[in-house]
Amino acid sequence: MGVLPVPAEVRAILLDIEGTTTPIAFVQETLFPYIKDNVKEYLRAHWEEEECQRDVGLLRKQAQEDSSLDGAVPIPLESGSGEEELERVIQAVVDNVHWQMSLDRKTTALKQLQGHMWRAAYATGLVKGEIFEDVVPAIRKWREAGMKVYIYSSGSIEAQKLLFGYSTEGDILELFDGHFDTKIGPKVESESYRRIAASIGCATNNILFLTDVPREANAAEEADTHVAVVIRPGNAGLTDDEKSYYSLISSFTELFLPSST
Ligand SMILES: CSCCC(=O)C(=O)COP(=O)(O)O
Ligand SMILES: [Mg+2]
């Protein structure tokens, strides 16, 4: 097991979810198929609700922005009433969601809808958020040492709170000082990390960001945030250059805080 010393100036640890706290397989093989299998039924059941209409409005706006992309699926406005017209628009939303998911897009519009759909899956016990076993004990230790701990995921804040609120380890939301999603900006843009630091009330170099994705690590580093790339079973492989450039950990227990005994 390796040891990675945490720089003394670090006051907060910022955690990615998929591939960092949580197996990619859980997201790809449980959470995403739930959306693909249930989106049509969900839209039919909730169509008249304000939240659903807001979600569809965001998806429609995103679809307009995406119109020049290869294979993009437009979402028309309802032009009139009647079952057939409703079915036509719902089918377009379903096709758009499937298209975005086939590309694993991280748009805020897609992530908002997904978060709302997972609510029922977690609340009924159909799904429990999976977390690597080293995560909870390590976070407890960090917090005891005075470290703040935040989540930054492309999954919506609502989806994050469901995953950790209904997790295999129980409700562990108390372990986090706050949550960030793509509303603060994409994870591959350095400006997002500056905004997060401002929101937390610290400098970017007071933060250590843990992620499985080198492009995200690169963006954080450009903003002068400390980074380590997390290697977990099922994560995408790293190039030799990435392996030699980044600090790597395969378990949160490998982080060594200056105050740790
Ligand atoms: C937190 S909900 C499911 C995860 C998700 O939708 C996603 O896109 C994961 O992205 P991450 O930034 O956590 O790698
Ligand atoms: Mg990730």
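Aspartate 16 and aspartate 212 are both buried in this predicted model, and the two residues meet at a metal site. The magnesium ion (ligand 2) is coordinated at 2.2 to 2.6 Å by Asp16 (OD), which is listed twice, together with Glu18 (O) and Asp212 (OD). Along the sequence these donor residues follow the spacing D-x1-E-x193-D. The aspartate pair thereby links distant parts of the chain, 196 residues apart: aspartate 16 belongs to the loop between strand E2 (12-15) and helix H1 (24-46), whereas aspartate 212 belongs to the loop between strand E5 (207-211) and helix H8 (214-222).

Strand E5 also takes part in the aromatic contacts, of which the structure holds nine pairs. In one of them, the rings of tyrosine 152 and phenylalanine 209 have their centres 6.3 Å apart and their planes at 45°, so the pair is classed as tilted. Because tyrosine 152 lies in strand E3 (residues 148-152) and phenylalanine 209 in strand E5, this pair ties together parts that are 57 residues apart in sequence. Tyrosine 152 and phenylalanine 209 are both buried, and ring pairs join them with Tyr193 into a cluster.

Charged side chains add a further kind of contact with rings. The charged end of lysine 187 sits over the ring of tyrosine 152, at 5.7 Å from its centre, while arginine 232 lies over the face of phenylalanine 252, at 5.1 Å from the ring centre.

The cysteines remain to be considered. With a disulfide taken as a pair of cysteine sulfur atoms within 2.5 Å, the count comes to zero. Cysteine 52 is buried, with a relative accessible area of 1%, whereas cysteine 202 is partly exposed, at 22%.

Methods: Residues numbered from 1 in each chain as written. Chains lettered and ligands numbered in written order. Predicted model: local features only at pLDDT ≥ 70, side-chain atom pairs only at ≥ 80, totals over all residues. Heavy atoms only, no water. Donors = N, O, S within 2.8 Å, 3.2 Å for Na, K, Ca; no water. Helix = DSSP H or I, 4+ residues; strand = E, 2+ residues; numbered from the N terminus. Buried < 20%, exposed > 50% of the residue type's maximum accessible area, 1.4 Å probe, protein only. Phe/Tyr/Trp six-rings, centres within 6.5 Å; stacked < 30°, edge-to-face > 60°. Lys NZ or Arg CZ within 6 Å of the ring centre and 35° of its normal.
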